[in-house]
Amino acid sequence: MPKQGHIIIRGIVQGVGFRPFVYARAIAHGIRGSVCNTGSEVQIDAWGDNFDDFLSDLRKGPPLSTIDSVEVHPLSGDSPKSFHILKSHDGVRTGLIPPDIATCPDCIKDIFTPNGRYEGYFATSCVNCGPRYSIIKTLPYDRERTAMDEFPPCGDCSEEYSDPFSRRHHAQTIACQICGPELVLHSGTGAVIKEQSPIKRTAQLLDQGSIIAIRGIGGFHIACTGDMARTLKERLGRTEQPFAIMARKEWILDNTSISPDEEKILQSEISPIVVLDKKDPNALDNVSNLHTIGCMVPYTGLHHLLFSYLSAPYLIMTSANAPGYPMITTLAEALSKLSRITDYYLTHTRDIMNRCDDSVIRKGHIIRLSRGYAPKRTKIDLGNTAILGTGPELNATVTLYTQGFCITSPHIGNVRNPGTYAYLKETTSCLCNLMQPDIKIIAHDLHPQFLSTRYAKELSDETGALLVPVQHHEAHIAASCQKECIGIAIDGVGYGTDGTIWGGEIFQGSAPHYSRVGHLMPVLMPGGDLATIWPERMLYGILPDEQTHQLLLSRGWKEQDLSILEKQVSKRFNTAVTSSTGRILDAAAALLGICRKKTYDGEPAMKLESAAYGASPETWEIPLTRIGTAEVLDTPSLLKQARDRFMSDPKDSQNIQQIAASIQYNLARGIGVIACNAAASAGLQTIALSGGVAYNEMIRNTIRETVHKNGYQLCTNHDMPLGDGCISFGQCVYAGKKEIL
Amino acid sequence: MKISLMHGAGGEVMGEVVDLFSKITNTNAGGIGLEALDDGAVIPIGDRQVVFTTDSHVVRPLFFPGGDIGRISVCGTINDIAMMGGRPLALSCGLIIEEGFDFDTLSKIVDSMDRALSEENVSLVTGDTKVMEKGALDQIAINTAGIGVAETIVRDNGLIPGDAIIVSGTLGDHGFAVLASREEFDFADQIISDVAPLSGMVHAAMNAGTIHAMKDPTRGGFASAINEMAKKSKVMIRISEEEVPIRSSVRAASQLLGIDPLEVANEGKVVMGVPADDAETILKVLKGHRYGKDAAIIGTVQEGTGVIMETAAGGERFIETPMGDPVPRVC
Ligand SMILES: [Fe+3]
Ligand SMILES: [Mg+2]
Ligand SMILES: [Zn+2]
Ligand SMILES: [Zn+2]
């Protein structure tokens, strides 16, 4: 029975209070020795009779930690008289730090404890909560390498920091009223408004109808009450796009059909935006004109304090950025970019080192991987070569693979403008700075014009790293299932290996070898990207006949414009060919008059889903055909069915609702049937599902039912977004498997 | 690999053909040679700088609103000489004609060439005619080459941070005029090609102030030209969308077809970078010329790389070199 040993614990062991945890266990078990943190390892020298009990306690780790391995090595020499925490130093880097954590219940209690040291202090935190990723400059995680280095702890804070029995023992973010970051309220012109309690004043101003930019953990929000939602939408020029709200939990329970699982995630240490079904689908349409609403609860001390003063039941809390642009993080930028939108600015004096937007989750599927989830660490063996995946163009993330782990960045946005392109580069540098990999392979999207592709090429020119282009939908499947499977990738658009635009694909294989065994019927996209902005173009591209002509005329199209559209289609002039699922949903939304112009990403399909909500679909015959060896779903004939039903009673809203449901349902059945047929002929059991269209509940559930009914398993990756946030991870998987094989 | 239409579209793909010519042993006759990939070559002869350039023309249809293949074949070469700072003196003309081509049509084309040459006082001094059997060629192709003399040579790589970017008029007119007449699109307002010889206007501008860099935005349009200038000059260019002159008829057509007016050819426009102090004076001279009425200062040159458009809505986007064929990118 060893009574002493040198213990090495690897994993996410920084920023989680691991050393104080070890210290407390050592004291409890009468262990002498020391603990120190070296990057992704905690090293412990331990002597004592209760060594085994101590060790088994260590294996559990503190709440925020992730333990990859625990090793015990022999230890010689004499034991010291007591147990010490040693200073961190740099070492191996596989572990990372945890993401930003919502303020814990103990800290909330501190904030609301009268006459306590933390009473009313907005940035109260402890080893179990508070910002991490958003404040770190470099590893190892210690105060001097975070944005907190500008706030030397006061006497009381230092004392608590050194107190082994405190929750803030070695809490790098420890701060209080006296020594920590402060809140400052600014007027619209940027002048400081002197206030005893800037939060209380902010709450009053919000209740009075002001629109206020509030600096949070990873960036600015724009906040206002529900009464001001329409005004804010107009000021932002985004009249259709739903807002997320922040509300007390009770209000959310009263107004949404929230499940126990959703309730749990809503108030978890992640506290993401949870997209919930409204109890009354038509309620709160000033905030969201869909049947859903994105809700979060207060997750920082600041939010809790704000809500303690606020009369309004909820606040609009939307990220301060133009759609697809990075969130604003500095007051200077907020003042220059939001001058026509916000009336006041509530800011704090702690720098945001790494931007981090709110995460979004719907029915257990991550829509936006960000605060609380990212940087996301995935254990996966892709060999010994470090790989960078530069992601797609929209809803991008980047992923770095090194030493058995993929690290996926927070949501970056739509990499199609200089600001987001710069953010893509910044995020990549940040991950590289934290992990120090020697990148030898850069995986990127096959699309030749994506900025992420351009970035991959630039980096490869600089470093000599090997470029691996990865087809977008193959990356989707590689991200969701690593074994051999049938993969369903359904989304908007991705560049196909045949130069056409894909987006409704059924593959067979495993990374890096996939064959396209099925897809949706290739249809025309007149005007290319123009057809994604104007879904009626898509409708005409799919059904270019007299009936569509008459329908569009009745919708206000000019005869002359329509004749140009017809000519464009018949001559195939600047007309792309696509098998995209999203474009079929767009066309259906156009057909039913649900959406004529796309004003935000995914709008036509989301409105179609809301229109179909609650309706029971009809079962139509699934029109299947073959192109070459691939089984193909004849989407034009599905859409024709829908049009025939629509024309029979175009004014009846119930009819429209049912057609909306039927088109989704039968499209999904068709996709499911092709996948099952492919699984049968390949003798495979698993069918993987990925792509942004799979967020559509009816489509996802219908595919699942079809797959299950035929005796197969459906596999989706719950740890990664179904949409393009998973692409960078899939690119790494693909490139890594290619390298290994 | 087989040559595709993209290889002649003036975009990135064309670079693959251009690369082939890097195999040529001698590409420079003492001044500016092929390696510069500028609008033309410069050859010092005695104490004079001779500008030499060539261009082949295969536009369809042969006659379109505002011009025809004859006018283009003359203007293209005159403009390339002018873009180097040269005064065009003389052109050659090589005709390749399909058997059965209508003689009257040819005569109209030649008349049109003559009018364009006369406008700028340029001579056509030598020529060649070949006829190919029916089917071996679609109607007609015209090559012209030309020489001129330059006192001041203007390159396409001379932009300096602080310069103002000027365009001499509305962008996209030629490209949309030709595609509308070729594809028989019936737009509400007819779009007329801007094809014009520019040496007179360019020299008036050169007399009014300093021009650091100059290029005619032909194939690949303004997007291609401005990127080439930025890349070669190793600078960043910021363009203000609101200042870019585009005819409402062209804008309407672009919104119906999904084609960016900045990515289609112009045949009577010049893009120049001039010192900020000279910008207004040069602009005034351009505006006073019949081919420069709609000239505008549309951007500035900064340190950095790339071309950024500041959009009317307050955003930013990159203006990129077109591939040659638009590919949808929305997901
Ligand atoms: Fe996708
Ligand atoms: Mg030229
Ligand atoms: Zn806490
Ligand atoms: Zn303190």
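Hi everyone, let me start inside the protein: the lining of the largest cavity divides into 9 nonpolar, 8 polar and 2 charged residues. Before I go on, please keep in mind that this is a predicted model.

So how big is that largest cavity? Its volume comes out at about 150 Å³. Of the 19 residues lining this cavity, the ones closest to its centre are A:Phe122, A:Ala123, A:Ile217, A:Thr300 and A:Arg350. If you have the structure open, those five are a handy place to put your cursor.

How many cavities of 30 Å³ or more does a search of the whole structure find? The count is 5. For anyone new to this kind of search, rolling a probe the size of a water molecule over the atoms shows where empty space is left.

Now for the runner-up. The second largest cavity has a volume of about 120 Å³. It is lined by 17 residues, and closest to its centre we find A:Gly15, A:Val16, A:Gly17, A:Tyr141 and A:His170. Which element gives the largest share of that lining? Helix H1 of chain A, residues 18–28, does, with 3 residues. By type, the lining of the second largest cavity splits into 8 nonpolar, 7 polar and 2 charged residues.

Let's move to the metal, which I suspect many of you have been waiting for. The zinc ion, ligand 3, is held by four cysteine sulfurs in chain A: the SG atoms of A:Cys104, A:Cys107, A:Cys126 and A:Cys129, at 2.2 to 2.3 Å. What geometry does the site have? It is tetrahedral, and the angles among the 4 donor atoms run from 102 to 119°. Along the chain, the donors of this zinc ion follow the spacing C-x2-C-x18-C-x2-C.

Two of those cysteines deserve a closer look. A:Cys107 sits in helix H3 of chain A, residues 105–111, while A:Cys129 is in the loop between H3 and helix H4, residues 155–162, so the pair ties together parts that are 22 residues apart in sequence. Are these two buried or exposed? A:Cys107 is buried, with a relative accessible area of 0%, and A:Cys129 is buried too, again at 0%.

Last stop, chain B. An unreviewed UniProt entry carries the annotation "domain: PurM-like C-terminal" for residues 161–307 of chain B. Over that stretch, the chain is 38% helix and 16% strand, and the C-alpha atoms at its two ends are 13 Å apart.

That's my tour, thanks for listening!

Methods. Residues numbered from 1 in each chain as written. Chains lettered and ligands numbered in written order. Predicted model: local features only at pLDDT ≥ 70, side-chain atom pairs only at ≥ 80, totals over all residues. Heavy atoms only, no water. UniProt positions renumbered as here; feature names shortened; annotations may be inferred. Helix = DSSP H or I, 4+ residues; strand = E, 2+ residues; numbered from the N terminus. Donors = N, O, S within 2.8 Å, 3.2 Å for Na, K, Ca; no water. Tetrahedral: all angles 85-135°; square planar, octahedral: opposite > 155°, others 65-115°. Buried < 20%, exposed > 50% of the residue type's maximum accessible area, 1.4 Å probe, protein only. 1 Å grid on protein atoms, 1.4 Å probe; cavity = no way out; pocket = protein on both sides within 12 Å on 5 of 7 lines; lining within 4 Å. Points joined across faces, edges and corners; volume = space filled by probe spheres on them. Nonpolar A, V, L, I, M, F, W, Y, C, P; charged D, E, K, R; others polar.
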